[in-house]
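Subject: A structure for you to look at

Hello,

I am handing over the structure we talked about, so please open it and have a look around. My notes come right after it.

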Amino acid sequence: MKNRLAMYKALKAINVPEQKIEAVIQAMDSDMHLSTAGTSDSDFAQFRAELPRLRVSLTIDIGVMLSLAVAILFAGIAFIH
């Protein structure tokens with residue numbers, strides 16, 4: 001609903017005729033419904049199956065970055081002294 005109102009206000013601000021505004025908004029709504037209708041339960045199931053692997057990968061990446069940051073910090077402290 002917010003998107004429809006924002007789109008209406010934006011098109012009205014640039015002096016688009018009322019009929020064309022409604023046509024644009026309806027076209028956007030139908031496109032949004034078609035794009036969400038294309039996703040099936042199997043797509044969501046596949047996505048949920050990938051989440052644990054992604055979580056492990058992100059945890060490892062964060063650990064490596066944190067280790068590097070600590071190593072750089074210690075090297076900087078050693079260089080200063």
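Below is what was found, going from the whole chain to single residues.

First, some ground rules: this is a predicted model, in which local features need pLDDT of at least 70 and side-chain atom pairs count only at pLDDT 80 or more, while totals for chains, interfaces and linings use all residues. Residues are numbered from 1 along each chain as its sequence is written, and side-chain values use heavy atoms, with hydrogens and water left out.

The overall picture

The protein has three helices and zero strands, in the order α-α-α along the sequence. Helices here are DSSP runs of H or I with at least four residues, strands are runs of E with at least two, and both are numbered from the N terminus. Confidence is given as pLDDT, the predictor's own score for each residue from 0 to 100. The average for the protein is 84, and 88% of the residues score at least 70. Among the elements, α2 (residues 18-37) has the lowest mean pLDDT, 77, and α3 has the highest, 91. Please keep in mind that predicted coordinates should not be read in detail where pLDDT is low.

Of the 81 residues, 5% count as buried. Buried means under 20% relative accessible area, exposed means over 50%, and partly exposed is in between (1.4 Å probe, protein chains only). About 7300 Å² of the protein is exposed, and carbon and sulfur atoms supply 69% of that area. Accessible areas come from the Shrake-Rupley method with a 1.4 Å probe, and for residues only the protein chains shown count as cover.

Helix α3

This helix has 40 residues and spans 58 Å from its first C-alpha to its last, close to the 58 Å expected at 1.5 Å a residue. The expected span is 1.5 Å times one less than the number of residues. There is a bend of about 30° at L51, with a proline, P52, following within four residues. The bend is the angle between axes fitted to the seven residues ending at a position and the seven starting there.

How many of the 40 residues of α3 are buried? The count is zero, and the helix is hardly covered. On its surface you can look for V64, which lies in α3 (residues 41-80) and is partly exposed at 47% relative accessible area. Together with V56, I60, L68 and I72, V64 forms a nonpolar surface patch with about 490 Å² of accessible area. Patches are made of residues with over 30% relative accessible area and no salt bridge; like charges are joined within 9 Å, and nonpolar side chains (Val, Leu, Ile, Met, Phe, Trp, Tyr) within 5 Å. In an α-helix there are 3.6 residues a turn, so residues three or four places apart point the same way.

Two salt bridges

The structure holds two salt bridges, each defined as a side-chain nitrogen of Lys or Arg within 4 Å of a carboxyl oxygen of Asp or Glu. One joins R53 and E50, at 2.9 Å from N to O. Both residues are in α3, three residues apart, or about one turn of the helix. R53 is exposed at 56% relative accessibility, and E50 is partly exposed at 37%.

The other links K12 and E18, at 3.1 Å from N to O. K12 is partly exposed at 39%, as is E18 at 42%.

Around α1 and α2

Y8 sits in α1 (residues 2-13) and is partly exposed at 28% relative accessibility. Its C-alpha is 6.5 Å from that of I21, 13 residues apart along the chain. L11 is also in α1, and L11 is buried, with a relative accessible area of 13%. The C-alpha atoms of L11 and V24 are separated by 9.2 Å, again with their positions 13 residues apart in the chain.

Finally, take a look at N15, in the loop between α1 and α2. N15 has a positive phi of about 65° although it is not a glycine. Most residues other than glycine have a negative phi. N15 is exposed, at 69% relative accessible area.

Best wishes
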